[in-house]
Amino acid sequence: VLAELIEKFVSHLSESRTDCYFSTGSYKGQTAMDADVKKENLSSVQQLGVEMTVRYGKFLNLLKGDAENGLCFVLMNCEEFLKQQQRTVVSSLCCLQEHYPGFDWFASSIFLIMSGDREKTLKFLQQFSRLLVSAFLWLPRLHLSMHLPVTTVEYGIHPVYFCSAHHVEMLLKAELPLVCSAFHMSGFTPSQICLQWITQCFWNYMDWSEICHYIAICIFLGPDYQVYICISLFRHLQQDILKHTEA
């Protein structure tokens, strides 16, 4: 039901010029790449991510059969598709090399929501990439992106860090001053934790149903809900955070 709902919602928005924030270029989708993509074509980090995703998907009874090749197909097509919208930046920073340095947890989450249907996943991601919310939920979307100012790209800091995570810190001071103080005393910043949560699409932090709710809420209600969800998590964890601070 959720898959169908977000599919129809995103499809409807992506056909409206006023809702499309990004252009998608001339990518032809799955015809552009051999359907029989092998895991060996991916980096070691991506291969490990694929194994974890497939194992998790089978544990949740969402994936069957040859899901591994399907996910590799989605990831490689996404990389090719997003590459068309990247700048060339000469830098020694690891995060500014041609390939996105981490694993694409958002695309993997959508693959699970779509029950391992690679064509549906790819079509959804291409339509979704036109919307503003894609910049915040799908971190590889803005990797070396031509949609960002050159100076922003060269710093290598993702907009989620200086937009969403920054707003979380501002709200935390007002809403949860004790949690804010605890972080200050620890030498960590809440924005570091938020960036970790968001980058991993809350995998390993929330249950699958809650991850689905996070994705759906941000798609339906807007990217600012990413900030509210982080704040609500800090509120939920407040007693644990304060207990650890005392200890």
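Aromatic pairs are a good place to start in this predicted model, which holds 15 of them. In one of these pairs, the rings of Phe103 and Trp105 have centres 4.7 Å apart and planes at 75°, and because an angle over 60 degrees counts as edge-to-face, the pair is given that description. Phe103 is buried, at 5% relative accessibility, and Trp105 is likewise counted as buried, at 13%. The rings of Phe124 and Phe128 are arranged in another way: their centres are 5.6 Å apart and their planes stand at 10°, so this pair is stacked. Both residues belong to helix 5, which covers residues 118-128, and since they are 4 residues apart, about one helical turn separates them. Phe124 is buried at 1% relative accessibility, and Phe128 is buried at 0%.

Ring pairs can also join into a wider group, as they do where Phe183, Trp197, Phe202, Tyr205, Tyr214 and Phe234 are linked into a cluster. An aromatic ring may also have a charge as its partner, and here the charged end of Arg118 sits over the ring of Phe73, 4.4 Å from the ring centre.

Two members of that cluster, Trp197 and Phe202, reappear among the contacts of Leu233, which also touches Met206 when neighbours within four places in sequence are left aside. Leu233 lies in helix 12, residues 224-236, and with a relative accessible area of 15% it is buried. Although Leu233 and Met206 are 27 residues apart in sequence, their C-alpha atoms are 9.9 Å apart in space.

Tyr214, another member of the cluster, is one of the buried residues of helix 11, among which are also Trp208, Ile211 and Ile215. Helix 11 has 14 residues, 208-221, which at 1.5 Å a residue should span 20 Å, and its end C-alpha atoms are indeed 20 Å apart, so the two values agree. Just after helix 11 comes Gly222, which takes a positive phi of about 115°.

Further along, Gln238 is found in helix 13, residues 238-246. How far is Gln238 covered, and does it count as buried or exposed? Its relative accessibility is 19%, and because buried means under 20%, Gln238 counts as buried. Beyond residues up to four places away in sequence, Gln238 touches Leu176, Leu178 and Val179.

Seen as a whole, the chain has 13 helices and 0 strands. Of its 247 residues, 47% are buried. Among the contacts with a separation of 6 or more, 76% are between residues 24 or more positions apart. The accessible surface comes to about 13000 Å², and 56% of it belongs to carbon and sulfur atoms.

Definitions and conventions:
Residues numbered from 1 in each chain as written. Predicted model: local features only at pLDDT ≥ 70, side-chain atom pairs only at ≥ 80, totals over all residues. Heavy atoms only, no water. Helix = DSSP H or I, 4+ residues; strand = E, 2+ residues; numbered from the N terminus. Buried < 20%, exposed > 50% of the residue type's maximum accessible area, 1.4 Å probe, protein only. Contact = heavy atoms within 4.5 Å. Areas by Shrake-Rupley, 256 points an atom, 1.4 Å probe, with all protein chains shown as cover. Expected span 1.5 Å × (residues − 1). Phe/Tyr/Trp six-rings, centres within 6.5 Å; stacked < 30°, edge-to-face > 60°. Lys NZ or Arg CZ within 6 Å of the ring centre and 35° of its normal.
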